[in-house]
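User: Please take a close look at the ligand site in this structure. I would like to know what surrounds the ligand and which contacts hold polar atoms.

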Amino acid sequence: MDLRFEERQEKLRETMRKFVEQEIPREYARELDEKDEFPHHLIRKLVDYDLARINIPREYGGHGGDILDLMIIFEEIAKRFPTLCWSFGNILLYGNEIIGVNGNTEQKEKYLPRLAKGEIKFSFGLTEPDAGSDAASIRTRAVFEDGHYVINGNKMFITGAGVTEYTITFARTAESKYNGITSFIVDTSLEGYSAKQLEKIGHRGSNTCEVTYENVRVTPGDILGGQEGLNKGWWQEMKLLNQERLVLSSCALGIAQAAFDDALVYARAKLGRTQDKGVAQMIQHQLADMASSVEAIRYLIYAAAWKETKGMQPVMETSISKYFSAETAKKVVTQGLDILGADAALMEHDMQRYLRDIMIYSIGGGTSEIQKNIVAKTLNL
Ligand SMILES: Cc1cc2nc3c(=O)[nH]c(=O)nc-3n(C[C@H](O)[C@H](O)[C@H](O)COP(=O)(O)OP(=O)(O)OC[C@H]3O[C@@H](n4cnc5c(N)ncnc54)[C@H](O)[C@@H]3O)c2cc1C
């Protein structure tokens, strides 16, 4: 048994740590959170570090990286500014991963080189006002007319939909619940597409939007995967779930680690001042508990990721990772708040932002209850 990362992965982590220290000083992260603006500038920097091609297959000019690479990148960024993970996800996940896994050759040749250069970004439009956890009940429709598919409907909570050049849009093309959904690559400059940014408590700056499609006309060539992808959208999405859960788990880990690190610095100073042995032990135990939780998340999620890289299809493990990391990181952050006491209420401490950011991990990418449903199902319950 060998639980070490490979040298290549350690180097990537080192690069990411440098990137975060150089490009995202704490003050800058606070400013971006306050302004609630999409971090275009930081995306540009990530592209300059040659990270946008990390998970593009080598035959399309990429580095051929895997889920472990993505998790290392996301964990390190999330320690400082998790919003950037999601924004970079508009290239790495919703662009590279979706096109790489489900696109046809023509689509890969068209989009992957431009994604690698940061020229384009993608969003992922599945959720609707009345279709969240039960995503297959979407009502957005694409009707074939005069050689085009005409899309009408509304999407909700779509990350980056107001700033991305393309959006993967799930629309109903037949009546069957699971076998009647098609994903289209929609150019967001097309007439009839509009996105309105929603103001939210956490992950501010990730440009979460309500989206409207009013007679948006796309061609059959815009079906993800080409004509063969017609009515296959649901199954294309299923192929991406393990990766999505793992990447979100690594963001939750990054936030938990940051909360622990800040609490540790604060506690050391406080322990130096307090004479009260009871208070001192309470703080020590709280930190020991937090350290245990962070360690547990780390081993759990990277073990699941390792299984994914070995093609073991770890559905139960990725669901456990997503559920456990979101809920445990939330607990770690609330313990961090306890350690800071009244100071936790001050905006000058990042702990309040960690709380605002971590809350969303129990919801986005499949709620904790849905993850538990999946685990129960794999246990034949
Ligand atoms: C910040 C943010 C960004 C997002 N980005 C995107 C994006 O880019 N693209 C996209 O398509 N979507 C995105 N989403 C949507 C996200 O995937 C959905 O919010 C999520 O799937 C839950 O759907 P819902 O909010 O409608 O909740 P609901 O499905 O209405 O659930 C409400 C509650 O009921 C529970 N519940 C529902 N069904 C069950 C069940 N069968 N068993 C047990 N409990 C259940 C849930 O766990 C939850 O607690 C984003 C959401 C957020 C908050």
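Analyst: The surroundings of the ligand come first, then its polar contacts.

This is a predicted model, in which local features need pLDDT of at least 70 and side-chain atom pairs count only at pLDDT 80 or more, while totals for chains, interfaces and linings use all residues. Residues are numbered from 1 along each chain as its sequence is written, and side-chain values use heavy atoms, with hydrogens and water left out.

There are 17 residues around the ligand, a residue being near if one of its heavy atoms lies within 4 Å. Thr127, Ser133, Phe157, Thr367 and Glu369 come nearest. By class, eight of the shell residues are nonpolar, seven polar and two charged; Ala, Val, Leu, Ile, Met, Phe, Trp, Tyr, Cys and Pro count as nonpolar, Asp, Glu, Lys and Arg as charged, and the others, Gly among them, as polar.

Domain 2 (123-233) and domain 3 (241-378) each give at least three residues to this shell, with bounds from an automatic or database domain assignment. At least two residues each come from strand S3 (148-159) and helix H12 (368-378); helices (H or I, at least four residues) and strands (E, at least two) are DSSP runs, numbered from the N terminus.

Polar contacts here are pairs of N or O atoms within 3.5 Å. Polar side-chain atoms of Ser133 and Thr367 each lie 2.6 Å from an oxygen atom of the ligand. In the side chain of Thr159, an N or O atom is 2.8 Å from a ligand nitrogen atom. The ligand taken alone exposes 970 Å², of which the protein buries 65%, with accessible areas from the Shrake-Rupley method and a 1.4 Å probe.

How values were computed: A polar contact is a pair of N or O atoms within 3.5 Å; within protein, one must be able to donate a hydrogen and the other to accept it, and residues adjacent in sequence count only if both atoms are side-chain atoms.
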